[in-house]
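User: I am new to this structure and would like to know how its descriptions are justified. Please show it, and then I will ask.

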Amino acid sequence: MANLRFAAGMQRLIPFLGYHHILMFLIVAGIILLSLLLAGCSSTSPGIPNIFLISLYYQNYPPTFDPAQVDPGVTTAIANIVGQAQLEVRVGYFGICINSDGGSFLCSNNASSLASQVSVDQDPLNLIWVASTFKDSIVFPYLIIVAMVLAFICFILLATFPGWHEETDERGSERDVKPFPSRPVSQVALALIFVASVFVLVSVLWQHTASVAASTIAQDLGNGSVKSGVGTTAMILGWFGFALFIIVTIGLLVMILSISLLDRLTDD
């Protein structure tokens, strides 16, 4: 019985869902993905330490030798300094997470407080400081924040679009009518989501390039003793957020052009 009531309610609701409601849903989904991206490594909540830009960790492995190395033997000295250290450091937009013994992560936005929790033997090459330098000097989250604000304003503008409602025609019969949304409001919403998409694109490209470059340099400097990696989850969140905003941009553009074409045909 409950299933029948739910199905009947959905049948009454679906006809009143407009095109702009789908765009609003996509905007909300994009904002959620970008919020998760910014929240990476900011706390020890489940899954949050797994959202990181780069990770640096101690691990002994056969070093890479190249004729361009002036002193290939430095890898032995580094290995002796590192010893049995197994610390892992993960960097997010607003926080750093460390794991010194293979257990749970400890996260904070203050690198000094994290450094005070480990001994010299656990972080002999100051990976926490390196991670802090990367976060403070290279990572720039504010374009994403501005993009999220612009997308939210676009969401509010879309919420003002008229929906289906009943009107009585000249014969006295009721019919469902949905007026066209205001063209200026539609154009402003399109401009906002377009700028938000550009900001996210720039941020994600910046994030991807900076993370890959920093990861490669850190691993080369710690050749044979330090490994690094780029956070796949963070990359997915960033690119999917951008894709959703672009879909909304294209959707709004198609809607505006379609309404303009209908107005032109009606006038003719």
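User: Which residue of β2 is the bridge partner of Y57?

Analyst: The partner of Y57 in β2 is E88. This is a predicted model, in which local features need pLDDT of at least 70, side-chain atom pairs count only at pLDDT 80 or more, and totals for chains, interfaces and linings use all residues. Residues are numbered from 1 along each chain as its sequence is written, and side-chain values use heavy atoms, with hydrogens and water left out.

User: What makes β1 and β2 a pair?

Analyst: Two strands pair if DSSP finds at least two bridges between them. Four bridges join β1 to β2, so the condition of at least two is met. The two strands run antiparallel. Strands themselves are DSSP runs of E with at least two residues, and helices are runs of H or I with at least four, both numbered from the N terminus.

User: How do you know that β1 also pairs with β7?

Analyst: Five bridges link β1 (residues 54–58) and β7 in the antiparallel sense. Y57 has K227 as its bridge partner in β7.

User: What continues the sheet beyond β2?

Analyst: Strand β3 (residues 96–99) pairs with β2 over four bridges, again antiparallel. Within β3, C97 is the bridge partner of R90, and a hairpin of four residues joins β2 to β3.

User: Why are β4 and β7 called edge strands?

Analyst: The open sheet has five strands in the order β4-β3-β2-β1-β7. β4 (106–108) and β7 (226–230) each have a single partner strand, so one side of each lacks a neighbour in the sheet.

User: Which way do the residues of β2 point, and are they buried or exposed?

Analyst: E88 and R90 point one way from β2 (residues 88–91), V89 and V91 the other way, and all are buried. Buried means under 20% relative accessible area, exposed means over 50%, and partly exposed is in between, with a 1.4 Å probe and protein chains only.

User: Why is I138 called partly exposed?

Analyst: I138 has a relative accessible area of 35%, which lies between the limits of 20% and 50%, so the label is partly exposed. I138 is found in the loop between α5 (127–137) and α6.

User: Which helix supplies the largest share of the nonpolar patch?

Analyst: Helix α7 does, with five residues. Patch residues have over 30% relative accessible area and no salt bridge (a side-chain nitrogen of Lys or Arg within 4 Å of a carboxyl oxygen of Asp or Glu). Nonpolar side chains (Val, Leu, Ile, Met, Phe, Trp, Tyr) are joined within 5 Å, and like charges within 9 Å.
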